[in-house]
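Please open the structure in your viewer, and keep the selection panel at hand for the stops that follow.

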Amino acid sequence: MKNKILLSTLASALLCSFNAAAELEFRGFASVVGGIALDSDQTLRGYKDELSFKPESLFAIQASSDLGEGLSATTQLLARGNNDFDVEMEWAYITYQISNTLKLNAGKLRVPFYRYSDFLDVGFSYNWVKPPQLVYNLPFSTYEGLSLVKTGQVSVFDYMVQGFTGSYSSEDINVDSLSGINLTLEYDEWLSLRSGYIVGDVTFDASLGSLSTLLQAYGLTQAENDLKPEKDDGTFFGIGGKIDYNDWLAELEYTELEVADSLLAVQKRSYLSVGRRFERFIVLATFEKADDEANDAALFSIPLTLANGTPVVEPTSGLPVNTIVDQTVLNNAEIAQLSDAKSWSLGVRYDLSYSAALKVEYTNFEQENRNLDVSALRFGIDLMF
Amino acid sequence: MKRLTTLIIGLFVFSVSAEVAVIVNPSVGDALDRKQISRIFMGKDKSFPSGSDITPFNLADGNSVRQEFEKSVIQRSAAQINAYWGKYVFTGKGSPPDTLSSDAEVINKVKSSPDAIGYISSDSVTPDVKVIATF
């Protein structure tokens, strides 16, 4: 009897010290998505007219460790099919829980552009195969810096305010003083509203091609600077909401991006998604739209005669950069007509279990001024573990 | 007649065993309704109405009492609740309640900590805990 007590005391003491020393928690998610474009010679979301599983499949593992005193450390490793499944550290941050309602994150984090920015890759948490591409189209999604999140209640709403600051840099794009604030309001389990504002000093590699040579030949360096995005003020604004009421679903987002003194078009993007839940099934229709506009201020700095004589410039119609089709938007700047694209999708989600969902989605994408009209069929499974 | 009695008792026992009891420490004086309990388990409320901290504990995934609790209190499917938590756990914004593996463990946790809240089959209730609501 005595021995038994001793043994169990020893065991629990060991267990306690083990817990305190290494409470490492692993979680993960994965999406395996296959798709095919239904028109030859055209691509949609990276899919061609042959079945491929690369463009949107991904695997992620997250490890977090409770360090005590409100501190914790988290890393998320992500392998994307479109990056040959090379493992990259997508998130790496330390959290300090200042109080029950106030949390500070520091490290490599997600830029909160959109409603789904934070869990962009966690397919299980939304009903599309991937979030709408005309809205979710920016070429970067992370930053290094700080984020402060405050939650609470005000009148009938639960609110979450996030303020953040930091920077992003890659080979092609640099954003300094990247800062923003966003507010989410939730009401009575079925309504959620969100709005966000972000600013930053944007520099990216935009080749102006022959136009650049021409401007330099004429000594129009100011005009060239006005077109090139170099430490120019970028502003991003987004507003959106979601209703999940009596198994009816509706979601809406509208975003605007402008980089002053650059040839990047003013991007105005939106989507509306309407759906219905039938037990384990969700049927969902989504409409997306791009109404981009020329960045007039930048364009006015090119003498019209010169612009007219430039082969890459469409006469009279301005010089907006078309950023829609290639997701590599900014580093692949093309000078083309005003971007005006739309897309519609019809999709089904089926919950296999509490942690696995099957999805099928048909999408049609149309952009008249580039003569694009392409459809794709995608299907996949999303897991969370 | 005997058969009928057995049947009635059987039905009674069945319906009783299907009930979920939400339990707290006997020292807790607060009352909670369904919505409040749901908010606590969804991470929205972190304190009792009286202001003291509250920590919810789940039973394991797939546990039948948990399924009943999610159906009648949270009123969403297990997949929906999991998807909801996916938005928090992979973004450093929160985490779902810790899980305990049995009714007995929930009772132990609740009787020893005044800030704990859990749910068990109403058959398992002991005098060590206070039932704050049944569903």
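A contact here means heavy atoms within 4.5 Å. With that cut-off in mind, and remembering that this is a predicted model, begin by selecting chain A: among its contacts between residues at least 6 apart in sequence, 56% join residues at least 24 apart. Colour chain A by secondary structure next, and you will find 5 helices and 18 strands. Of its 385 residues, 45% count as buried, while the area that chain A exposes is about 18600 Å², with carbon and sulfur atoms supplying 59% of it.

Now add chain B and turn to the interface, where 32 residues of chain A are in contact with 25 residues of chain B. The area buried between chain A and chain B comes to about 2500 Å², and carbon and sulfur atoms give 49% of that area. Select A:N100, A:E189 and A:Y354, the residues of chain A that lose the most area to chain B, together accounting for 25% of what that side buries.

For the charged pairs, which residue of chain A forms a salt bridge with B:R39? Show the side chains of B:R39 and A:D158, which form that salt bridge, the closest N and O atoms being 2.6 Å apart. Across the interface of chain A and chain B, 4 salt bridges are found, and 10 residue pairs are in polar contact, both residues being at pLDDT 80 or more.

Finally, highlight the strands of chain A that give two or more residues to the side touching chain B, including strand 1 (24–37), strand 6 (142–154) and strand 16 (340–353). The residues on that side of chain A divide into 11 nonpolar, 10 polar and 11 charged.

How values were computed
Residues numbered from 1 in each chain as written. Chains lettered and ligands numbered in written order. Predicted model: local features only at pLDDT ≥ 70, side-chain atom pairs only at ≥ 80, totals over all residues. Heavy atoms only, no water. Buried area = accessible area lost by both parts, 1.4 Å probe. Polar contact = N/O pair within 3.5 Å; in protein donor to acceptor, adjacent residues only side chain to side chain. Helix = DSSP H or I, 4+ residues; strand = E, 2+ residues; numbered from the N terminus. Nonpolar A, V, L, I, M, F, W, Y, C, P; charged D, E, K, R; others polar. Buried < 20%, exposed > 50% of the residue type's maximum accessible area, 1.4 Å probe, protein only. Areas by Shrake-Rupley, 256 points an atom, 1.4 Å probe, with all protein chains shown as cover.
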